Amino acid sequence: MRAAAIFGLGCPPKKLKPFQIDQSIDWRIGMPAAAHQADVILLFGGDGTIHRHLSQLVKFGLPVLIVPAGSGNDFARALGMRRLRDSLASWRRFCAGQDNVRLIDLGVITELAGTTPAPQERPRYFCSVAGVGLDGEVASRANVLPRWLRGHGGYALTLLPTIFRFAPIPVKISTADAMGAWTVRTDQHTILAAFANTPTYGGGMKIAPRARMDDGQLDVCVIGGLDPFKLFCMFPTVYSGRHLNIRGVEYFQQSRLRVETETPLDVYADGEFVCRTPVEVSVQPGALKVLTP
């Protein structure tokens, strides 16, 4: 068997050593140039590292083992990989019988020019959660923090002061029916709109507690124009998913939607800047093969 190992920023190659349990495996470091050069890929990193490699991973169609080694690790958490030992157990099972490969969905973001997809625009995949509004503002601020701080509550520390500075913005979200016709689902002043493939983001915030990675749907959470104090009081409930019971929070599922704003607004996904509105957000079912515990 041939295995490739990819390391995110700040992740030392020595983390590979516990996985080198079978001397017959031919190892290579870095993304293969073509799918036929490997049988499986081990990716050491967090959501941002995974995000940056998704296009190639989808193209190759190889099984991927996620080893949590980033600041958030929400995608790994959704797969049941909370610690290195979980990934190691999954790797041993794969080496023994390769019976723990699962197909999961990915989100897709497409920039729009007016109401028409931009020509020759490659799919921009995301694995966990995409969002506009407060989410993008917090992500941009958190990304400049030291890596160790981002991994120990940096997102939450950035969110709290931003709550009192961020003004709600007009956001229109339209959904598509089976025939491709668009209907406005929500058009209001919005604090945050999140489009989730996994339940959590930001290092454990359960923004979409009902999200599943294999249901062909994105879970959409829209927080309306709440006043800063109410938003501050709501913040702790996001870690348990109880924010869905608060008036002003709308939650629904959709496989394809459009997001439009009065002025271009940053779109972030997996904690990384992707593009600016208007955008179409959709789901690609069974886009990625992953190893599970």
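The buried residues of helix α3 are covered by elements that include β1 (2-7), β2 (26-29), β3 (40-45), β4 (64-68), β5 (101-113) and β16 (279-291). The model is predicted, with local features requiring pLDDT of at least 70 and side-chain atom pairs pLDDT 80 or more, while totals for chains, interfaces and linings use all residues. Residues are numbered from 1 along each chain as its sequence is written, and side-chain values use heavy atoms, without hydrogens and water.

Helices (H or I, at least four residues) and strands (E, at least two) are DSSP runs numbered from the N terminus. In α3, the buried residues (under 20% relative accessible area, 1.4 Å probe, protein chains only) include D86, S87, L88, S90, W91 and F94. The helix is followed by Q98, whose phi is positive, near 55°.

The largest nonpolar core (buried Ala, Val, Leu, Ile, Met, Phe, Trp, Tyr and Cys residues joined through side-chain atoms within 4.5 Å) has 48 residues, and I109, L134, F195, I207 and I223 have the most contacts inside it. Strand β10 (residues 182-196) gives the most to this core, with six residues. Apart from it lies another core of 44 residues, among them W27, I66, W91 and Y125.

Six aromatic pairs are found in the whole structure; rings of Phe, Tyr and Trp (its six-membered ring) pair if their centres lie within 6.5 Å, and count as stacked under 30 degrees between planes, edge-to-face over 60 and tilted otherwise. F7 and F44 are stacked, at 5.0 Å centre to centre and 25° between the planes. This pair joins strand β1 to strand β3, 37 residues apart in the chain. Both F7 and F44 are buried.

How values were computed. Buried < 20%, exposed > 50% of the residue type's maximum accessible area, 1.4 Å probe, protein only. Contact = heavy atoms within 4.5 Å.
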